[in-house]
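Thanks, everyone, for making the time. I would like to walk you through one model today, beginning with its charged side chains and then moving on to the fold as a whole.

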Amino acid sequence: MKDNFSTQAADYAIYRPTYPQELYDYLFRMVKIDEAAWDCATGNGQVARALAQHFKRVYATDISEKQLAQALKLPNILYKVESAERANVPDGSFDLITVAQAIHWFNFDAFYSEVQRTLKPEGVIAVIGYGLMQIDKKVDRVVFKLYEEILGKYWDSERRYIEEGYQTIPFPFEEFATPQFNIQTTWNFNQMIGYLNTWSSLQHYKKANDRNPLEYLFTELKAAWGDDAIKDVRFPVLFRVGKLFK
């Protein structure tokens, strides 16, 4: 698994969007027992914190020590530096396994083998993510220019799984039909810039060119944003949920 986010771990904790409570409520209704959950590739622990409000124990793992350093510590969350492909837990440990905005980086076969080993017979696996944000036509046009024209070749090839809505990832489970969720939030201009700076492709660009590509578009982005103090922001949520085949 690639570690594309340690460099900007602090900004990631501040500027990355959070999933709606409705998504968690849906998941919790799907899980019969609230004993233990594994949040794999937890990053700064955003999803683990939500799971901790429902499950007695949460096992939260990530390969990035810097990301985990940003995580909120709670008594029922155990944070561990571990890869997605191997969790140091007994067989049949979890009632729920979640992966948020990360499965496209995984070795699918190895991770799913670990899910088969660690998920309880009636347990649930949920793969979560989000696509490119939508603000308004003017801002979206400039953001897409950054995304495609400037950073296009700097995106890792795995990004295509997000662009395809996670519909093309392997998912060897008995799958449930799920509702469509969206992340709805509001940003000021600086929050948008902060979020764009967390993109892995932008970090790749900076490393290759010793310059932040936002320098080229800052004036254009500001003009598109206009005089509004805040704007509504929407991210389409990617969501697949399943259980083990019997």
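A search of the whole structure, which I should say at once is a predicted model, finds 13 salt bridges, and I will take three of them in turn.

In one of these, the side chains of Glu-122 and Lys-32 come together with a distance of 3.5 Å from N to O. This pair links distant parts of the chain, since Glu-122 sits in strand β5, residues 119–130, while Lys-32 belongs to the loop between α2 (21–30) and β1 (36–40), and the two are 90 residues apart. As for how open the two partners are, Glu-122 counts as partly exposed because its relative accessibility is 35%, whereas Lys-32, with a relative accessible area of 68%, is exposed.

The next pair is Glu-114 and Arg-86, a salt bridge in which the closest N and O atoms are 3.6 Å apart. Here again distant parts of the chain are linked, with Glu-114 in helix α5, residues 108–118, and Arg-86 in the loop between β3 (77–81) and β4 (94–100), at a spacing of 28 residues. Is Glu-114 buried or exposed? Its relative accessible area is 4%, so Glu-114 is buried.

The third pair is Glu-175 with Arg-240, whose side chains meet in a salt bridge at 2.8 Å, N to O. Because Glu-175 lies in strand β6 (residues 174–176) and Arg-240 in strand β8 (residues 231–243), this salt bridge ties together parts of the chain that are 65 residues apart in sequence. Glu-175 is partly exposed at 37% relative accessibility, while Arg-240, at 8%, counts as buried. Returning to the partners of the second pair, salt bridges that share partners join Arg-86 and Glu-114 with Asp-91 and Arg-117 into one network.

To put those pairs against the overall charge, the chain carries 29 positive and 32 negative side chains, and the centres of the two sets lie 1 Å apart.

Let me turn to the fold. The secondary structure of the chain comes to ten helices and eight strands. For a chain of 246 residues, a compact globule would have a radius of gyration near 18 Å, and the value for this chain is 18 Å, which agrees. Taken along the principal axes, the C-alpha atoms fill a box of roughly 55 × 35 × 35 Å. Buried residues make up 55% of the 246 residues, and the accessible surface comes to about 11,600 Å², with 48% of that belonging to carbon and sulfur atoms. If we consider the contacts with a separation of 6 or more, residues 24 or more positions apart account for 77% of them.

One element I would like you to look at is helix α9, residues 200–209, in which Ser-200, Ser-201, Leu-202, Gln-203 and Tyr-205 are buried. What covers the buried residues of α9? The cover includes α6 (137–150), α8 (189–196) and α10 (214–225).

Staying for a moment with α6, that helix contains Asp-140, which is partly exposed, with a relative accessible area of 25%. Leaving aside residues up to four places away in sequence, Asp-140 touches Met-133, Gln-134 and Ile-135. The C-alpha atoms of Asp-140 and Trp-225 are separated by 9.8 Å, although the two residues are 85 apart along the chain.

Finally, a few backbone angles deserve a careful look. Just after α9, Asp-210 takes a positive phi of about 55 degrees. Gln-101, which is not a glycine, also has a positive phi of about 55 degrees; Gln-101 is found in the loop between β4 and α5, and its relative accessible area of 9% makes this residue buried. Tyr-166, likewise a residue other than glycine, has a positive phi near 60 degrees. Where is Tyr-166 found? Tyr-166 is in the loop between α7 (159–163) and β6, and at 0% relative accessibility Tyr-166 counts as buried.

That brings me to the end, and I am happy to go back to any of these places in the structure.

Conventions: Residues numbered from 1 in each chain as written. Predicted model: local features only at pLDDT ≥ 70, side-chain atom pairs only at ≥ 80, totals over all residues. Heavy atoms only, no water. Buried < 20%, exposed > 50% of the residue type's maximum accessible area, 1.4 Å probe, protein only. Helix = DSSP H or I, 4+ residues; strand = E, 2+ residues; numbered from the N terminus. Contact = heavy atoms within 4.5 Å. Rg over C-alpha atoms; globule rule 2.2 N^0.38 Å. Areas by Shrake-Rupley, 256 points an atom, 1.4 Å probe, with all protein chains shown as cover. Lys, Arg positive; Asp, Glu negative; His and termini not counted. Charge placed at Lys NZ, Arg CZ, Asp CG, Glu CD. Salt bridge = Lys/Arg side-chain N within 4 Å of Asp/Glu carboxyl O.
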